[in-house]
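Please open the model in a viewer and keep the selection panel at hand. The tour below proceeds stop by stop, each naming a selection and then describing what is found there.

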Amino acid sequence: MTFQQNCSRRGFLGASAGALVAAERLFGEPADAPKKPNPDLERLGGVALAEAKKAGATYADIRINRYRNQFSGYRLSPERGGTKTDEVPFVTDQASFGFGVRVIAAGQWGFAASPLVTAEEIARITREAVVVAKANAAVQASPVQLAPTKKYVDRWTSAYQKDPFGVPVEEKLELIHGATVSMKKDPKIMMALGFLGFRAEDKYLATSEGSSIQQYIVQVYPLLMANAVDMQKGISRSRSYQTPPVTAGWEAITKANLGENAPRIREEALEHLAAPPVTPGKKDLVLLPSHLWLTIHESLGHSTELDRALGYEANFAGTSFMTTEKMGKYKVGSELITVYGDRTIAGGLASVKYDDDGVLTTKFPIVEKGIFKHYQTIRDQAHLVGETESRGCCYADSWSSVPFQRMPNVWLEAGPREVTPDSLIAGVDDGILIEGDGSFSIDQQRYNFQFGGDAFWQIKGGKKAGMISRVAYQAKTSEFWNSCDGIAGPAYWQQFGSFNDGKGEPEQINAVSHGCSPARFRQVNVLLTD
Amino acid sequence: MLSQKDAKNLIDQAIGYSKLPQCQVDVSWTEDAFIRYANNGITTSGYRITQQISIGSVTEDKRQGNAVVTEFSEDALKRGVQQAEDLARISRPNPEDMPALGPQKYLTLSNYDNYTAAARGDAMIPHVKAVIEGAKSGKLTAAGFIQRSANAVAVGNKAGLFGHHTYTDCSLTNTMRTDGGKSSGWASQTSVTLKDVNGEAVARISAEKAARGAGRKRSLEPGKYTVILEAAGVSDLVGFLAGDFGARGAEQGQTFLSKKGGGTHVGEKMFPDYITLRSDPLDTKLATTPWGPSLMPNQRISWIEKGVVKNLYYDRYWALKAGKEPTPAPGNVVLDGQAHTVEELIASVDRGLLITRLYYIRSLQPQTLQLTGLTRDGVFLVEKGQVTDAVNNFRWNESPVRVLQNTKMLGRPGRAQGSETGSSIVPAIVVADFNLASVSDAV
């Protein structure tokens, strides 16, 4: 298909600014109606809904979205063959703006998307989505069935105190430069990286069922990382300050105290470089929230996604050992393990008021006292497990991506108030304390996992001892969670997470948080990596 | 499709707004169509256009700023250039910045196919139908993905450099599972032309693998095995390996090519004679572009030649400091093979395992390039040169360096798609002592 057939030359080259609806105008702050979506967005949404109906769709929605990402920071590493350090700054601002239309026609989903946000292009792309859906009807397993949802007309903004995009880039560079220089002070630190990331998502959703929802989400993610090298021994070790990425504003950067933590990261990178290798074998583990979040994510988060359990991800991300007959009865963990799916929690990367199906998001139990209770679901799946409403887990990572089931924030309930990290360590004779995430890998049904970490300390006779290196632990999901015999109290509960959870074809990423308190696991298989 | 003329106009327009000494403009445009299916029916599918302009500006004293926009209007371009220049002005000098490259002679690559660029449901659905019919006739369940893309990339700068290239790409991957999900088989085809894709063949191979494991699987213990690794797995491993040929990392003690005490292994024979790893932008089977991130022309280059580490990738800054000619980063990966079929590889093994593909691969140690991952969608015992039983999956902890060092025999190279590192031209291989570290119960 030629370019001219797809979009008009005028539209492509954008001959006049007026030909395109500027993202700024659509998503700017309203002066007098903060609870209602922008009327221009609603008008454009209406074009898609009307065109879809005309073309024979029984359901339609349109998402008009704008994303902004800003990265800034420094990489410090020695110049070639010398002792002088090259301080390399980087600053990038990325914007992405467009729309995607989803329809049901002839009982099948169809989707089409374009970056040209004009009424004419919206109508054309909507017709394309209907063409796609009707063509698919030739290879239909069963017609799409949507669980009901209420109609919402609303505008919502995630909580933040200070807009991170409003903070001058000079101030950001100065902050991150100071922290990075501090990490690089020792010559054995080969490379130091300081990074500040900011993300904003403007999203508008209109559905043929009458919902019209505009939302704005702001997220921040700082990182410090030092890589130490011993040229004589031919080894390198790293250490990171993995502050939680969070749905919040600049205040989260201030709270992270990057400057104060940088010298500690430098010293711990050097300690890691000199640390003796672990003695492999069965050991007790005390896992801190900065590490355990990823184990929760991979083993309990992904295994309880309904699309995986039903085989929709069989060709890519995989299926799940948590098959549907286990719902309500399978003992996946010890009695201490209660896990929630929750897109309402403050600061969670997956937190939002309405999902991309237009469903009001909720908090729901996934595991209760060790028993698997509920899957993560969206509107077109709920009926497949006998449920009558979606649990609000629908998300697409771009205006150009098809919305589908993605993980909500999945968090582990804290233990009793009196349990502390020290009391967990005191109960370990021979074990390892692990902080931060490292290498992670798990099989396609979420049985067998192997995790590294960012830093490891030996526990001997109930006390934290020196750092060790080359640690990985390998376990089966149910055995691992059943071996948990202690979780620290609510005072130690922390939320960590990631922006880069991959799933789906074409692959999409998802941002998701996982909160927990430090927890203890008995007799886990520990490996020495070589 | 973004034509050369349209691309040049966009780039000239953006450069025209630039006030700083350096301005580089990268344009990309993609039209793609895809169909996803599972449980023997189509689930989601789509058609979309995506586009992006990336603007990099540099001041006289080497301060850099970058902006990326997806709107191509005059207004958006102006704002993008302004944004990049504002960021450059408030950034700090980059001591590693190199002067802008002037006009380059880029290779003319033939990896665009009109049929693929125009393909929509009518061209793709028959392949999906063939797969699903194949599944139903074998009482299997199919899940898979077919996609095609038509792509244009262009680049230009104030120093007069300009490049434009169009290419297509496509793939069909399919997983067959037996009733109750007790056994799984996978196959894929990937090419720059959809004419190379054959749904019936993909259905047949994946169905055979699934059916072979339909009965009781033999349980094998972890350990070191001779392995016949099919091309999809090899593609993943050499993809990780090729990423380690940077000169800076090797010289600064951070990769398997770093020598203890300093220096690199360049010039050393680290692998058997029959191992040659290279990049070849002129291989028409791969969707390679004529330039990489450095804007230097992609060229034919050997990384390992007849077992000897031949070249490292020197970016322009590191090359200047090292007194070397700069080299482009691997634009694609080709592992040379031998004239053997997979059946001949199997016949050469007295006792070993045939592995279909690898999954969830992550780094364990950078200096040894030790990785961890899993086997997936078909592991079979080979005894006295014959495939006998289907066996359980494994987690493996192994380095591609050791894998190539322990490679005993190679098949015929072809385009293959791994699960982690994209697509490359590789053969299936026979490897001794592959470390399968623990059992995975996954199917």
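**First stop: chain B as a whole**

Select chain B. Within this chain, residues 24 or more positions apart account for 73% of the contacts with a separation of 6 or more. The model is a predicted one, and every value in this tour is computed from it. Chain B contains 10 helices and 19 strands. Its radius of gyration is 24 Å, close to the 22 Å that the globule rule gives for 443 residues, so chain B is as compact as a globular protein of that length. When the C-alpha trace of chain B is viewed along its principal axes, the span is about 70 × 60 × 35 Å. Of the 443 residues of chain B, 58% count as buried.

**Second stop: the two domains of chain B**

Colour residues 4-212 of chain B as domain 1 and residues 216-443 as domain 2, following the domain assignment. The centres of domain 1 and domain 2 of chain B, taken over C-alpha atoms, are separated by 24 Å. Where these domains meet, 32 residues of domain 1 of chain B and 26 residues of domain 2 of chain B take part in the contact.

Next, select β4 (140-157), β5 (162-178), β6 (184-191) and α5 (199-212) of chain B; these are the elements that give two or more residues to the side of domain 1 of chain B that touches domain 2 of chain B. Which element gives the most to that side of domain 1 of chain B? The answer is β5(B), with seven residues. Colouring the same side of domain 1 of chain B by class shows 11 nonpolar, 15 polar and six charged residues.

**Third stop: chain A as a whole**

Now select chain A, which has 12 helices and 24 strands. The radius of gyration of chain A is 25 Å, close to the 24 Å that the globule rule gives for 530 residues, so chain A is as compact as a globular protein of that length. The C-alpha atoms of chain A fill a box of roughly 75 × 60 × 45 Å, taken along the principal axes. Of the 530 residues of chain A, 59% count as buried. Among the contacts in chain A with a separation of 6 or more, 75% come from residues 24 or more positions apart.

**Fourth stop: the two domains of chain A**

Colour residues 3-274 of chain A as domain 1 and residues 281-528 as domain 2, as the domain assignment gives them. Their C-alpha centres lie 24 Å apart. In the contact between them, 39 residues of domain 1 of chain A meet 40 residues of domain 2 of chain A. Several elements each supply at least two residues of the side of domain 1 of chain A that touches domain 2 of chain A, among them β1 (59-78), β6 (212-230), β7 (235-241) and α8 (258-274) of chain A. By class, this side of domain 1 of chain A divides into 19 nonpolar, 14 polar and six charged residues.

**Fifth stop: a sheet in chain A**

Show the strands β11, β10, β9 and β14 of chain A, which form, in that order, an open sheet of four strands with antiparallel pairing. At its edges are β11 (371-372) and β14 (409-412) of chain A, each pairing on one side only. Select β10 (residues 363-368) of chain A together with β11(A): two bridges join this antiparallel pair. Which residue of β11(A) is the bridge partner of A:V367? It is A:F372.

**Sixth stop: where the chains meet**

Display both chains. The contact between them takes 80 residues from chain A and 92 residues from chain B. On the side of chain A that touches chain B, the largest share, 12 residues, comes from strand β2 (residues 85-105) of chain A. The residues of this side of chain A divide into 39 nonpolar, 30 polar and 11 charged.

Strand pairing also crosses between the chains: β3 (residues 108-114) of chain A and β2 (residues 41-58) of chain B run parallel and are joined by two bridges. To see one bridge, select A:A112 and its partner in β2(B), B:Y47.

**Last stop: the nonpolar core**

Select A:V103, B:V27, B:V128, B:I228 and B:V234, the residues with the most contacts inside the largest nonpolar core, which has 291 residues. Strand β5 (residues 189-207) of chain A gives the most to this core, with 11 residues. Finally, centre the view on B:V234; leaving aside residues up to four places away in sequence, B:V234 touches B:L229, B:L335, B:A416, B:V426, B:P427, B:A428 and B:I429.

Conventions:
Residues numbered from 1 in each chain as written. Chains lettered and ligands numbered in written order. Predicted model: local features only at pLDDT ≥ 70, side-chain atom pairs only at ≥ 80, totals over all residues. Domains from an automatic or database assignment. Contact = placed C-beta atoms within 7 Å. Nonpolar A, V, L, I, M, F, W, Y, C, P; charged D, E, K, R; others polar. Pairing = 2+ DSSP bridges. Core = buried A, V, L, I, M, F, W, Y, C linked by C-beta atoms within 7 Å. Buried ≥ 20, exposed ≤ 12 C-beta atoms within 10 Å, placed from the backbone. Rg over C-alpha atoms; globule rule 2.2 N^0.38 Å.
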